[in-house]
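This report covers overall dimensions, two sheets, one helix and three single residues. The sequence and the structure come first.

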Amino acid sequence: MGFTLVFTLLIASAAFLYLLKRKNAYGNIPLAKGSTWMGVGKDFALNPVGFLVEQRRKLGDVFVMDLFILKFVVLLGAKNSSKVLKASDNEFHFLEGIIKTQPQLKSMAFYVSPEGNPWYEVSFKFLRSFMDNTRLDNYQKEWIKIAKKHFNEWEKQESINWFISISNLLLEASFTSSIGQDFYLKVASEEGRNLPDEYRRYESLIVNPLNFALPKWMTPQGREFVRIENRLLLDIHEECVRRLKDPEAHKDRTDYLQYLLNQAGGEFLACYPMHLLSVSLAAHTNTVGTFAWTALQSLNAGKMDRIRKEIDENEEKAVGGIYPLTGTPFLEACMRETGRLYTNLLMMRKVKEDSTVFVGDSEIPVSKGSLIALSPITNQQDPNIFEEPSKWIPERFLDEDKYKNWFRNQEFVQFGWGRHACLGERFTHRLLRGIMWTNLLRNYEIELVDGKREGVGINGVGFEPDWGNNVGTPFAKGRVGVKVSKRRL
């Protein structure tokens, strides 16, 4: 008892001194108000988009967010987005910004191989080279089989949990591309293990506030996070070692892991597991939410028949169930509108040299070492740019000139921009528009059967986003029950 009290007092004293020391670290930039001890964490977690929009109304385009252990400057407005997204890492560093919120990536990010090659530089080259059209063509042939298998399973059930079922499909598809379907099915079939649930739990623990505020060993959530992450990393490490022992037997595999091994062998073995886990996470986190919310919003707004008509008109152009992307402009507009309302809450950067940011037409300084965060989703709520910004209106994206202008001015940023734009954009469109949407709506009817609450959620869709449980686009709170049945053609 005495030890616990002394330990608690030491932690409290250290926290107080830490907060006192950094109180004025951001000069005269206004501070978003919250509780003195825990900052604005609770308010932000409950409704992050609403909170940021309200702080912008009160404080302007630049203000400080204090999440207790994590403190950063929020930069809103297209001018700030444009400056930061176009800047080099010498001014605003991409990876160091991510590491401030995900410190487990640090050892991988700054790893230098025994041959003297830095992983940070070569990893982007590997990923860009791997995401070429030929490889994506081959993956679509594997994804169509996975999608059809899952759709068939959905039809047999009275109703499915919409977000979870889509997640299960996309996890199998993303792991098939990154490490191989045989690896995914082997790990998923281990006794006493549910890999999709384990993976989703890992993602929710990444964004758990306690895992930001305290060392992982101090809380049950932190220890659970470490336990799940270590298990997933060990699975991937063992697969890497297995293939390295017999490279000739595996060299013709088409997954991303084999591409890395064919290119660099075991030179970056220390980095491969975390890199592959991160790639799988990126392929899953926004893709599930974009697909699921687009369906719910389309049903709610009476747009599903228009999407289906567009797909039916392109049926003759499909080859082996794989549809071209050029024939579904309205579906693409629907996905963009979903991205505008649900995706890209915060994009972190670390300031590497003293710089300035915009407040209206003026500029104010930000110091070297500061952590900054863009919020594209908040910019995308601006009524001066998007008419009726809280409503889901996909037609706004059918004007291609308007869309290009929004993108060019960084007023709409769904997949990032510039050097650090998301490399998975083509992956997402080929999987969702080329296969999942097209084959599901061509062959099945989907009906919302339970969970909806009238008037709740964005645009009154009937479901609230659960911002606190996903790294990217949120799932819905509670169960979303959907009935999938064969369509009569």
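A residue counts as buried under 20% relative accessible area, as exposed over 50%, and as partly exposed in between, with a 1.4 Å probe and protein chains only. On that scale, 52% of the 489 residues in the protein are buried. The model is predicted, so local features need pLDDT of at least 70 and side-chain atom pairs count only at pLDDT 80 or more, while totals for chains, interfaces and linings use all residues. Residues are numbered from 1 along each chain as its sequence is written, and side-chain values use heavy atoms, with hydrogens and water left out.

**Overall dimensions**

The radius of gyration is taken over C-alpha atoms, and the globule rule is 2.2 Å times the number of residues to the power 0.38. For 489 residues a compact globule would come near 23 Å, and the protein has 23 Å, which agrees. The C-alpha trace spans about 65 × 60 × 50 Å along its principal axes. Accessible areas come from the Shrake-Rupley method with a 1.4 Å probe; for residues, only the protein chains shown count as cover. The protein exposes about 22,500 Å², of which carbon and sulfur atoms supply 53%. Contact means heavy atoms within 4.5 Å. Among contacts in the protein with a separation of 6 or more, 72% are between residues 24 or more positions apart.

**Sheets**

Helices (H or I, at least four residues) and strands (E, at least two) are DSSP runs, numbered from the N terminus. The protein has 21 helices and 12 strands. Two strands pair if DSSP finds at least two bridges between them.

An open sheet of five strands has mixed pairing and the order β1-β2-β8-β5-β3. Its edge strands, β1 (62–67) and β3 (92–93), each pair on one side only. Helix α4 (residues 78–86) packs on this sheet and touches β1, β2, β3, β5 and β8, with its direction at about 120° to that of β8. Axes are lines fitted to C-alpha atoms, for helices over the stretch in contact, and angles run from 0 to 180 degrees between N-to-C directions. Inside the sheet, β2 (residues 70–75) and β8 (residues 371–374) are parallel and share three bridges; V74 has A373 in β8 as its bridge partner.

An open sheet of three strands is antiparallel, in the order β4-β12-β9. Here β4 (160–161) and β9 (444–450) are the edge strands, each pairing on one side only. Two bridges join β4 to the antiparallel strand β12 (residues 481–486), and N161 stands opposite G481. Helix α8 (residues 133–155) lies across β4, β9 and β12, at about 105° to β12.

**Helix α11**

Helix α11 (residues 195–206) has 12 residues and should span 16 Å at 1.5 Å a residue; its end C-alpha atoms are 17 Å apart, which agrees. The expected span is 1.5 Å times one less than the number of residues. Since 10 of the 12 residues are buried, α11 is largely enclosed by the rest of the structure. Those buried include L195, Y199, R200 and E203.

**Single residues**

R336 belongs to helix α18 (residues 329–342) and is buried, with a relative accessible area of 9%. Beyond its neighbours within four places in sequence, R336 contacts F397, E400, Y403, F412 and Q414.

Two asparagines, neither being glycine, have positive phi values.

| Residue | Phi | Loop | Relative accessible area |
|---|---|---|---|
| N344 | near 70° | between α18 and β5 (347–351) | 17%, buried |
| N459 | near 60° | between β9 and β10 (465–466) | 26%, partly exposed |
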